[in-house]
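Here are my notes on the model, as numbered points. They go from the overall fold to one helix.

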Amino acid sequence: MTQFNQHHYQPRTRPAEKVQAEVQLGQRFPLTIHRLGINGEGIGYYKHVITFVKGALPDEVVVAEVTAVHPRYLEAKIHKLRQASPDRVAPRDAYAGHVGGFELEHLAYPAQLRFKQDLIRQALEKYRPADYQHYDVRPTIGMENPYGYRNKAQFQVRVIDGHVAAGLYQENSHDLVDLPTCSVQMPVTMTVMRKIVQWLEELAVPIYDEASNSGIVKTIVVRAAAATDDVQLVLITNTPKLPKKHQLLMKIAAELPMVVSVMQNVNIGKTSLIWGDQTTLLAGKTTITEELDGLTFELSARAFFQLNPEQTQKLYSLTRTALDLAPHETLVDAYSGVGTIGLSLADVAYEVRGMDTIPAAVTDANENAKRNHITNAQYTVGAAETLLPQWLASGFEPDAMVVDPPRTGLDDVLLDTILQSAPEKLVYISCNPSTLAQDLRQLTRGYQVDYIQSIDMFPQTARCEAVVRFTKRH
């Protein structure tokens with residue numbers, strides 16, 4: 001399998017004008033699929049023009065129907081499957097091809113793991129960091145049961161055909177797809193979700209209508225703690241008012257005893273943002289308790305926490321092994337969030353210093369340190385590229401650093417700061433092979449890559465995470 005980025009592909013043989021002139025929407029043609037793209041779509045070539053076919057798998061022969069014509073590539077759907085891949089399986093969710101988060105559910109799990117390892121290889125081939133041909137890109141670590149792993153469900157709520165529905169938007173639209181089941185969610189999140197939907201309808205609570213910007217309940221968020229079985233429910237509303245609130249809370253208390261926290265978040269009007277600024281407690285407590293690596297974390301409604309608890313344990317174990325900290329060594333935890341990574345390593349470090357740009361996350365991180373009686377870890381509000389030079393100027397010299405950036409990768413200034421401060425040990429946790437490969441072009445000026453270990457945090461999707469261990473060049 002080879003990775004392609006639709007927006008950066010440059011055709012080798014055919015001018016863009018010919019693609020547009022010769023191919024029409026709805027046109028059908030036979031196509032052999034050679035590989036998967038970065039979003040899990042099948043890739044073939046029609047008259048040497050790259051064609052992305054949603055739902056198609058490598059080695060399949062399909063009749064493709066063109067759905068979009070772009071200057072440098074085509075998009076298509078399967079009109080007919082002439083020859084199926086031996087790795088094709090029946091997806092558990094009937095809507096897997098209609099909403100995001102299930103784009104590989106029709107691909108056998110061992111093949112999913114091979115694809116994710118290959119995503120990293122192909123990103124390296126595209127961006128070509130130093131010595132990339134010799135990197136040890138290790139097989140992806142998967143799950144024994146790659147279903148029921150997501151501890152958080154965030155579903156939009158609308159009225160469809162006179163009934164309250166909760167689910168996800170159809171791809172590239174605001175058309176809601178009702179999800180009565182969801183095989184990648186922890187079962188308890190769906191149990192709570194469907195009960196709330198049922199009660200909202202029974203109580204005739206006004207549901208948000210996007211077209212008229214009227215109604216009240218917009219979104220239901222359910223998060224479960226795997227270790228304690230605590231569940232938190234958040235109702236995101238269009239107004240501070242929540243009709244039938246008392247009746248709803250009585251039903252929750254009587255029939256959903258696992259829900260120990262009920263919150264309301266107010267997000268007024270049409271907006272692309274899910275959350276508003278105001279969150280209030282309706283019943284129970286403001287947090288739920290989760291455990292990870294022997295540590296206890298109190299999770300508030302908006303606190304970030306990894307969505308796959310089982311694989312998170314493996315991810316942090318991989319990070320601990322890669323850093324191989326000694327008792328006298330200091331660690332910088334960049335992009336620290338609520339401190340889960342740094343705190344899980346505090347027992348093998350002399351000192352842990354972390355930073356994050358979100359004040360609430362830093363507050364949570366420091367509270368988590370206190371809660372777990374960790375006295376050698378402290379977290380500060382600010383960007384790593386700003387704080388790290390200040391710490392260096394004050395005489396702090398980190399022995400090791402772990403970075404876990406968002407999908408956009410490392411900030412350019414931080415890349416330079418890492419190279420200037422040059423900690424002896426460096427581990428990069430990546431959730432995007434493309435930005436990882438780009439960042440490696442810079443980092444390999446001062447470090448060599450020992451290995452890249454991919455891990456499947458999101459089975460049934462095209463997303464891939466990896467732990468990269470570096471050795472400093474001397």
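1. A contact here means heavy atoms within 4.5 Å. Among the contacts in the protein with a separation of 6 or more, 65% join residues 24 or more positions apart. Keep in mind that this is a predicted model.

2. Secondary structure comes next. The protein has ten helices and 23 strands.

3. On overall dimensions, the C-alpha trace spans about 65 × 65 × 40 Å along its principal axes. The radius of gyration is 24 Å; a compact globule of 474 residues would have one near 23 Å, so the two agree.

4. Burial and surface. Of the 474 residues, 55% count as buried. The protein exposes about 20,700 Å², and carbon and sulfur atoms supply 50% of that area.

5. Charges. The protein carries 46 positive and 53 negative charges. Their mean positions lie 6 Å apart.

6. Now one helix, α10, which runs over residues 433-443. Is α10 mostly covered or mostly open? Mostly covered: eight of its eleven residues are buried. These are Pro 433, Ser 434, Thr 435, Leu 436, Ala 437, Asp 439, Leu 440 and Leu 443.

7. What covers the buried residues of α10? The cover includes two helices, α2 (109-127) and α9 (412-421). It also includes the strands β21 (425-430), β22 (447-455) and β23 (465-472).

8. The N-terminal end of α10 is capped by Asn 432. A side-chain oxygen of Asn 432 lies 3.0 Å from the backbone nitrogen of Ser 434. Ser 434 is also one of the buried residues of α10.

Terms used. Residues are numbered from 1 along each chain as its sequence is written. This is a predicted model: local features need pLDDT of at least 70, side-chain atom pairs count only at pLDDT 80 or more; totals for chains, interfaces and linings use all residues. Side-chain values use heavy atoms; hydrogens and water are left out. Helices (H or I, at least four residues) and strands (E, at least two) are DSSP runs, numbered from the N terminus. The radius of gyration is taken over C-alpha atoms; the globule rule is 2.2 Å times the number of residues to the power 0.38. Buried means under 20% relative accessible area, exposed over 50%, partly exposed in between (1.4 Å probe, protein chains only). Accessible areas come from the Shrake-Rupley method with a 1.4 Å probe; for residues, only the protein chains shown count as cover. Lys and Arg count as positive and Asp and Glu as negative; His and the chain ends are not counted. The place of a charge is taken as NZ of Lys, CZ of Arg, CG of Asp or CD of Glu. A polar contact is a pair of N or O atoms within 3.5 Å; within protein, one must be able to donate a hydrogen and the other to accept it, and residues adjacent in sequence count only if both atoms are side-chain atoms.
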